[in-house]
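Please read the following explanation with the model open beside it, turning the view as each part of the fold is taken up.

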Amino acid sequence: MKLTYNAYAKINLILDVTGVKQNGYHTLFTVMQSIGLKDVISVEKTKGEKITISCTDESVPTDSKNIVYKCAVKFFEHFRIEKNKGVHIHIEKNIPHEAGLGGGSADGAAVLVALNEIFNTNASKRTLMFIGGKVGADIPFCIVGGTALCQDIGTVVAPLPDIDECSIVVVKPESGSSTVKAYDAIDEMGERMKHTKNNEMLELLLEENFKEALKYCDNVFEQVIEVPDRADIKHILRKNNSSAACMSGSGSAIFGIFFSKEDAENAKKELEKKYSKVYLCDGKTSGVEKSQE
């Protein structure tokens, strides 16, 4: 049995670090949005007990370091599946790494959804989110997808009204960004960090006043992460009438949200003259979706 799923990337419409827990994990206030940029994940049952991985991107590890491997292990542990658990996972990689777009988390979420079907475990989304949360903080959101408020370390997920149809342009500059270093830099800032306007955005999203809500798009990591091309990318996005221009996650990808497809296409064309990784996509109402291809 082989199943294929689309694993959608995410952007952070707003991202604030609200504190540090006793275990050292940071607490967040973030609104995440699934977007049409996707990896394609195929999961096939095999003979024996091994979890094997293949990937179209040679830079991605295909051993126990890969997040999909860790998700499969946690899935089998949770359901106490000890025999006939051999699976092969193939990743068609399109979401760039070190971009703040949740590519690994999206892949992990898709694997959990696929395994749930292959092994007939009939787990609820809530259970899959619980398993995924043990591996990565963004995985619970990626299982749900759409538009959602995520809190605690990101594993508390509250769905929000889906944002109106819009076009999203994402640019991944040449430079990448380390999540660990980003959080270290936030810690060093301490009280000097300027928090985002969380309540203002949340109220407007709940009222479905999306254009006003997007005026509050912000990311505290922009205060500590230096992306050399950020100002230039944001300038081009805004010049082409984007409703928001912001960095996603701990970087380095920058996105712009447009309510005019034509404006988005113009921005993409202009950005492609300077940058090799430019994507035009739409918003998605789910994080994982069965592939129709």
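Helix α9, which spans residues 261–272, lies across the strands β7, β10 and β11, and its direction makes an angle of about 165° with that of β11. In this predicted model, a second helix is placed against strands of the sheet as well: α8, formed by residues 230–239, lies across β7, β9 and β10, the last of these being residues 254–258, and runs at about 10° to β10.

The sheet that carries these helices is an open one of 4 strands, which follow each other in the order β9-β10-β7-β11 with antiparallel pairing. Its edges are formed by β9, residues 244–247, and by β11, residues 278–282, each of which pairs on one side only. On average, neighbouring strands of this sheet are turned by 20° against each other, if direction is ignored. Within the sheet, β7, which comprises residues 167–171, is joined to the antiparallel strand β11 by 5 bridges, and in this pairing Val-169 stands opposite Leu-280 of β11.

Two loops around this part of the chain contain backbone geometry that deserves a closer look, and a third loop elsewhere can be considered with them. As a background to all of them, most residues other than glycine have a negative phi, and most peptide bonds are trans. The peptide bond that leads from Gly-251 to Ser-252 is nevertheless cis, with an omega near 10°, and Ser-252 is found in the loop between β9 and β10. Asn-241, although not a glycine, has a positive phi of about 75°; this residue belongs to the loop between α8 and β9, and its relative accessibility of 49% makes Asn-241 count as partly exposed, because the exposed class begins over 50%. Asn-122 likewise has a positive phi, here of about 50°, without being a glycine. Asn-122 is located in the loop between α2 and α3, the latter covering residues 125–133, and with a relative accessibility of 69% it counts as exposed.

The helix that precedes this last loop also takes part in a helix pair. The axes of α1, residues 67–78, and α2, residues 103–118, come within 8 Å and cross at roughly 35°, and the crossing is right-handed. On the side of α1, the contact is made by Ile-67, Val-68, Cys-71, Ala-72, Phe-75 and Phe-76, while α2 contributes Gly-104, Ser-105, Asp-107, Gly-108, Val-111, Leu-112, Leu-115 and Asn-116. Sorted by character, the residues of this contact comprise 9 nonpolar, 4 polar and 1 charged.

It remains to set these parts within the whole chain, which has 9 helices and 12 strands. Its radius of gyration is 19 Å, close to the 19 Å that the globule rule gives for 293 residues, so the chain is as compact as a globular protein of that length. Taken along the principal axes, the C-alpha atoms fill a box of roughly 55 × 45 × 35 Å. Of the 293 residues, 54% are buried, and among the contacts with a separation of 6 or more, 75% are between residues that lie 24 or more positions apart in the chain.

Terms used: Residues numbered from 1 in each chain as written. Predicted model: local features only at pLDDT ≥ 70, side-chain atom pairs only at ≥ 80, totals over all residues. Heavy atoms only, no water. Pairing = 2+ DSSP bridges. Helix = DSSP H or I, 4+ residues; strand = E, 2+ residues; numbered from the N terminus. Axes fitted to C-alpha atoms, helices over the stretch in contact; angles between N-to-C directions. Contact = heavy atoms within 4.5 Å. Left-handed = near helix turned anticlockwise from the far one by under 90°. Nonpolar A, V, L, I, M, F, W, Y, C, P; charged D, E, K, R; others polar. Rg over C-alpha atoms; globule rule 2.2 N^0.38 Å. Buried < 20%, exposed > 50% of the residue type's maximum accessible area, 1.4 Å probe, protein only.
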